[in-house]
Amino acid sequence: MKNKTKKWWENNAKMFQKVHKVPIDISYGPGMPNEDKLKLMGNLKRKRVLEIGCGGAQCGISFAKKGAKVIGIDISEEQLKYAKKLAEKNKVKIQLLQGDIVTLPKIKSISQDIVFSSWALLYVSDLKKCFKEVYRVLKKEGVFVFSTHHPFWETLDKKSMKVKRCYFDSGRCREAYKVGVFEWHRHTISELVNALTNVGFIIERMEEPDYRKKDRYTSKEVILEVYRRKAMRLIPRTIIFKARKR
Ligand SMILES: C[S@@+](CC[C@H](N)C(=O)[O-])C[C@H]1O[C@@H](n2cnc3c(N)ncnc32)[C@H](O)[C@@H]1O
């Protein structure tokens, strides 16, 4: 899975950045409220932030602009090349590392105030292993904030609006596109919650942003097709967690 994911992102990073036009923002995903609206992390000045699955580092750059000391990790060299150029263009310094977010060997234990991730954990099959590493690198009382696919979203066929997949049937998902086969992992809510609590996290907040509230839209919604927007008014597309190290 890891190698397939890497290959996909090496081949499609340029297309992703061109099509999605991800804004420089601490963003939780397409059509979702951003950090300025959700306020999950408070004052970021001088905070040490590790972004896992940073992609083009639009979130990382925004953290840095708010005064944080940022490390971004991604598996894809192409995404990191884009991130490096974008950070230079925005005149901010962030440390960019190539690596797998399931193991974080280059990150010292108890070194980070915040670990953040926007839409990258859907590529991780072994959540517990990944969360154990996140727990290790966080300082005491440090927070882990992430957004990922809402598992309900995957159960529904967005055009017919009928249930196409059993909710309980978690695991690998595949979709064939012109540019290749895209694979990701679907985790149920209990799998996400239990993976967090099993490694020691306390869950402080869970958000399922309501797409019907227009004031909550972000510029990311520009890429959403009409049928997806319709579906997003019925079921949540994104799930967001804030968890704290004991
Ligand atoms: C949908 S993009 C999101 C990027 C960024 N967070 C954003 O909001 O634009 C997912 C990113 O996760 C990265 N990724 C996927 N699996 C990974 C893994 N096992 N280790 C590190 N990065 C991974 C991909 O290379 C890609 O850049």
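## Around the ligand

Let's start at the ligand: one of its nitrogen atoms has a backbone N or O atom of Ser118 at 2.9 Å. The protein covers the ligand well, burying 96% of the 590 Å² that the ligand exposes when taken alone. Keep in mind as you look around that this is a predicted model.

Two further polar partners are worth finding on your screen. Gly53 places a polar backbone atom 2.9 Å from a nitrogen atom of the ligand. Gln79 uses its side chain instead, with an N or O atom 2.8 Å from an oxygen atom of the ligand. In total, 19 residues surround the ligand, and those that come nearest are Gly53, Asp74, Gln79, Asp100 and Ser118. Sorted by class, this shell is a mixture of eight nonpolar, seven polar and four charged residues.

## Strand β4 and its neighbours

Ser118 also leads us into the sheet, since strand β4 covers residues 112-118. Why is β4 described as largely enclosed by the rest of the structure? Seven of its seven residues are buried, so the rest of the structure largely encloses this strand.

Strand β4 has pairing partners to explore. One of them is strand β1 (residues 48-52), which runs parallel to β4 and is joined to it by three bridges. Within this pair, Phe116 of β4 stands opposite Glu51. Another partner is strand β5 (residues 138-149), again in the parallel sense, this time over six bridges. Here Ser117 has Phe146 in β5 as its bridge partner. To get from β4 to β5, the chain passes through helix α5 (residues 127-137), making a right-handed β-α-β crossover.

As you follow these strands, a general point may help: side chains in a regular strand alternate between the two faces of the sheet.

## The β6-β7 hairpin

Further along the chain, strands β6 and β7 form a hairpin, with two residues between them. How do these two strands pair, in the parallel or the antiparallel sense? Strand β6 (residues 171-177) and strand β7 pair in the antiparallel sense, over seven bridges. A handy pair to locate is Gly171, which stands opposite Arg186 in β7.

Strand β7 takes in residues 180-186 and is mostly covered, with five of its seven residues buried. For strand β4, by contrast, the count of buried residues is seven of seven.

Key. Residues numbered from 1 in each chain as written. Predicted model: local features only at pLDDT ≥ 70, side-chain atom pairs only at ≥ 80, totals over all residues. Heavy atoms only, no water. Near = heavy atom within 4 Å. Polar contact = N/O pair within 3.5 Å; in protein donor to acceptor, adjacent residues only side chain to side chain. Areas by Shrake-Rupley, 256 points an atom, 1.4 Å probe, with all protein chains shown as cover. Nonpolar A, V, L, I, M, F, W, Y, C, P; charged D, E, K, R; others polar. Buried < 20%, exposed > 50% of the residue type's maximum accessible area, 1.4 Å probe, protein only. Helix = DSSP H or I, 4+ residues; strand = E, 2+ residues; numbered from the N terminus. Pairing = 2+ DSSP bridges. Right-handed = clockwise from strand over helix to strand, strands pointing away.
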